[in-house]
Amino acid sequence: TVASPDAMRTVASDLLAHQLRATCVMWIDMHDDGTKTATPHYGTGEGPPPCRPEQLRLIEFDDELEACLRSERTRVVGDVLETLGCRRHLAAWQAMGTRAYVAVPLVRQGRLIAALGVHHSLPREWTSDEVTLIKATAERTWTAVERLQVEEVLRTNEEQLRRAIQNAPTPIILFTTDGQVLQLSNTWTSRTGYTATELTTFDAW
């Protein structure tokens, strides 16, 4: 069972890198302040282990990449040396060890929130099946990530509510519609002498 959004993305990245023999699978997060962070996962042993997220400027790699992603189009490049003529761009890709890549946008409610990039160290003719697989992996993974993020928020809220009730200065008893006691505040216990173990139902009080 995958327990966190980051773990989910790592698992998906590793599987995709293995299946496509990709040099690197990279998640790019688009933030509200306009900054972007990239988290690369190297799945073929051709690069360092997964790195912490680092700020990224897409314009340094490809003038058309960000515009392509924001218009919800997948960017497929078989050889950066043939597609990109700018030395600045080529130097950036060379530093990353990439010669071919596919970048898939992830858009929610008309807003670009992330992208999934799959890189290869050699020129490559990406097949339609490979591009379809990358797109499907991006969507399925991000849907799972969003679900895990919601679950994390709910767990955090539940813990905050539990602590608020436990430490409340007034006596509080939390119970279900059928009377099952879920929680007692410390103040309730100190004033009545009952603990949650002793008071299992509201009617028993």
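The legends below describe close-up views of a predicted model of one protein chain.

**View 1. The whole chain contains six helices and eight strands.** From the N terminus on, the elements follow the order α-β-β-β-α-β-α-α-β-β-α-β-β-α. The chain has 205 residues, and 39% of them are buried. Among contacts with a separation of 6 or more, 46% are between residues 24 or more positions apart. The accessible surface is about 12000 Å², with 52% of that area belonging to carbon and sulfur atoms.

**View 2. Trp 27 sits in strand β1.** This strand covers residues 24-30. Trp 27 has a relative accessible area of 1%; because the cut-off for buried is under 20%, Trp 27 counts as buried. The C-alpha atom of Trp 27 is 4.8 Å from that of Leu 116, although 89 residues separate the two along the chain.

**View 3. The surroundings of Trp 27 include residues from several parts of the sequence.** Leaving aside residues up to four places away in sequence, Trp 27 touches Arg 9 and Ser 13, then Thr 37, Ala 38, Thr 39 and His 41. Further along the chain, Trp 27 also touches Leu 106, Ala 115, Leu 116, Ala 138, Thr 141 and Trp 142. Of these residues, Ala 138, Thr 141 and Trp 142 are also among the buried residues of helix α5. The side chain of Trp 27 reaches the backbone oxygen of Arg 9 at a distance of 3.5 Å.

**View 4. Helix α5 runs over residues 128-166.** With 39 residues at 1.5 Å a residue, the helix should span 57 Å, and its end C-alpha atoms are 57 Å apart, so the two values agree. The buried residues in α5 are Glu 130, Val 131, Ile 134, Thr 137, Ala 138, Thr 141, Trp 142, Ala 144, Val 145, Leu 148 and Ile 165. An α-helix has 3.6 residues a turn, so residues three or four places apart point the same way. Buried residues of α5 include Ile 134, Ala 138, Thr 141, Val 145 and Leu 148.

**View 5. Thr 137 is a buried residue of helix α5.** Its relative accessible area is 9%, and since buried means under 20%, Thr 137 falls in that class. A polar atom of the Thr 137 side chain lies 2.8 Å from the backbone oxygen of Leu 133. Apart from residues up to four places away in sequence, Thr 137 touches Ala 12 and Leu 16.

Terms used: Residues are numbered from 1 along each chain as its sequence is written. This is a predicted model: local features need pLDDT of at least 70, side-chain atom pairs count only at pLDDT 80 or more; totals for chains, interfaces and linings use all residues. Side-chain values use heavy atoms; hydrogens and water are left out. Helices (H or I, at least four residues) and strands (E, at least two) are DSSP runs, numbered from the N terminus. Buried means under 20% relative accessible area, exposed over 50%, partly exposed in between (1.4 Å probe, protein chains only). Contact means heavy atoms within 4.5 Å. A polar contact is a pair of N or O atoms within 3.5 Å; within protein, one must be able to donate a hydrogen and the other to accept it, and residues adjacent in sequence count only if both atoms are side-chain atoms. The expected span of a helix is 1.5 Å times one less than its number of residues. Accessible areas come from the Shrake-Rupley method with a 1.4 Å probe; for residues, only the protein chains shown count as cover.
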